[in-house]
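Student: I am new to this structure and would like to learn how its descriptions are justified. Could we go through them one by one?

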Amino acid sequence: MDRAIHRTIIIKNHLLQPNSDQILTTNACLSYSPPELNEVYDFDLKEMRKLLDGHNLQEQDWLFNLMVQSKLFNPRKRGEKVYVAPDYNQTMEQQREMTMKRISYLLERGVFEGWLTAKGAEAELRKLALLEVTGIFDHSLAIKIGVHFFLWGGAIQFFGTQRHHEKWLRDTENYVVLGCFAMTELGHGSNVRGIETVTTYDANTGEFIINTPCESAQKYWIGGAANHATHTIVFSQLEINGKNQGVHAFICQIRDAAGNICPNIRIADCGHKIGLNGVDNGRIWFDNVRIPRENLLNSVADVSPDGQYLSSIKDPDQRFAAFMAPLTSGRVIIAGSSVYKAKIGLAIAIRYSLSRRAFSITPNGPEVLLLDYPSHQRRLLPLLAKSYAASCAANYLKMMYVNRTPQSNKTIHVVSSAFKAILTWHNMRTLQECREACGGQGLKTENRVGHLKGEFDVQLTFEGDNNVLMQQVSKALLAEYLAAQKRNRPLQGLGLEHMNKPCPVIPSQLTSSILRTTQFQMDAFCLRERDLLSRFVMKVSQHQAEGQSKDYALMLSYQLAEDLGRAFSDRAMLQTFIDTEATISSGSLKNVLGLLRSLYALTCLEEDAAFLRYGYLSTDNASAVRNEVQKLCSEIRPHALALVSSFGIPDAFLGPIAFDWIDANAWSSVQ
């Protein structure tokens, strides 16, 4: 009521002003004030970026500069700044051609040098770092490059042998051949073992014959197939002498050098999509397509000239597992890529909230910065903290991948499945919140955040549907638990060693100092994981005792499986954050990392209903967690600009509202 009376008096005074030619007075126009004038940098931004990006920072900056320098990357001036981003007003066909022109530009400047021919962890890390930069500019560009090098080229590297490496890798690196990867079918995506394409062998000619036996067997969503690819890796059931030997991979040419589709192959376009329209996704049918025997990628199994099936791995399940193990690279790449997109959204939304004001809280007082509202902090800063945790997780996953051994393949599969799911979900949630936090400006394509949602939605389902991946994680944990019980030995691997120790006890009363300790945070996460794993084991065993098959028992236990998958992912991610924090000596950098780690951990405790559902936290302790989250947000608020500046994303790759949004929207900008 007081505010209503106050507004009434103001309006009355305006209307009743005597002897005034101007009835209503105007306030001074808004002006943009760079947040750098008022915000404090309390730690070394370069050191923080090293921590976040982990490797190859100079190469990344080199590639950023290469893209900014070329008109192919669509530079446009808005206000006093120049921004680069794809022109989404172009038709689908134009976007596809621009993607190929950009690839040619990067190829000519040596960006892809050594991507398939250089060996060692350093070469792989450089490749991953540069691919991440292309994705910061445009998802279509990164996917088109990724399909060619990591899927087509990676399949030849990992499934092939010396003869394939010598024939195909250098030509792939130089784009003499353009590859794609034909695994997914209309009727089968996640269930690779169920694909319906069939390949037989003709011993008389020494050729394999590939067939699409029905419409559901058509290869679908094959990136590069619709327009540009000359060759593909075909995943198919292999039938030898009437016996199905399971899924195998073959090299097959689908176009000649002039771009003409090869005989007995039909290709159709998948059409317009909600994102990634710079990638030519296509559908492929094979009608008795003959390929040389040597085109079987034979690192796991081979067929002799006279048609005998040869493999040192006799068990079909183990053979399939060995065959699929190298495909984890896709999940590693997606996990890392999703973190960078969340960073783009947060950098734009937080910068905007540090210069955009709304409403005053005192009569005739100045309007308040968006990020000074506790509600706005609550929306964005927990997501910022989780993005820092996600960076630690993605770096850990990358290092595990580039230093992989045959013994670590199982761990990489489980961890990459978990992190791919948890990080892509985080990315989409972050982009949605950032879009809303930017208000109407978040709808403009040039401001990037809104459009990125459509571009990256696909990450939730390609290279494994996230819900399916979470169930795979839980199945792997179940197998580890049962194997340890059978051997009567402690659990070892996948970070489950904590289950060999006494069960953690949560204090009955949680104070601020307790809540912020790594000991409490890890205890809470481990308690949830070990309890959910025990419950999952009991639930599956109960269904099996009632006569259900193991697969059906697992299916009936899906809710616990998904809860357990998230518990494993969160605990593993918190561990990578703690390990990263431990590498920093005491000081301001370590202090702010501690705040971020606590905000990440306590937000997980607050948001997952399992902590209340299964009694890990009392309602009083849950309230204490919630209150502490708000305190942490207010303590991180002064560091917000420094934290997003540490991402190292050049200004040109953000959107106009991240900077002088008044100048960018001035009348002069439309002249």
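Student: What makes helix H18 largely enclosed by the rest of the structure?

Tutor: In this predicted model, 15 of the 20 residues of H18 are buried, so the helix is largely enclosed by the rest of the structure. Buried means under 20% relative accessible area, exposed means over 50%, and partly exposed lies in between, with a 1.4 Å probe and protein chains only. Helices are DSSP runs of H or I with at least four residues, numbered from the N terminus. Residues are numbered from 1 along each chain as its sequence is written. Local features need pLDDT of at least 70, side-chain atom pairs count only at pLDDT 80 or more, totals for chains, interfaces and linings use all residues, and side-chain values use heavy atoms, without hydrogens and water.

Student: How do you know that the length of helix H20 agrees with what is expected?

Tutor: The expected span is 1.5 Å times one less than the number of residues. The 18 residues of H20 (residues 619-636) should therefore span 26 Å, and the end C-alpha atoms are 26 Å apart, which agrees. Among the buried residues of H20 are Asn621, Glu628 and Ile636, and the cover over its buried residues includes H18 and helix H10 (374-402).

Student: Why is leucine 556 called partly exposed?

Tutor: Leucine 556, which lies in helix H16 (residues 550-556), has 34% relative accessibility and therefore counts as partly exposed.

Student: Over which residues does pLDDT stay under 50?

Tutor: pLDDT, the predictor's confidence in each residue from 0 to 100, stays under 50 over residues 17-26. Where pLDDT is low, the predicted coordinates should not be read in detail. For the chain, the mean pLDDT is 93.

Conventions:
Helices (H or I, at least four residues) and strands (E, at least two) are DSSP runs, numbered from the N terminus. Contact means heavy atoms within 4.5 Å.
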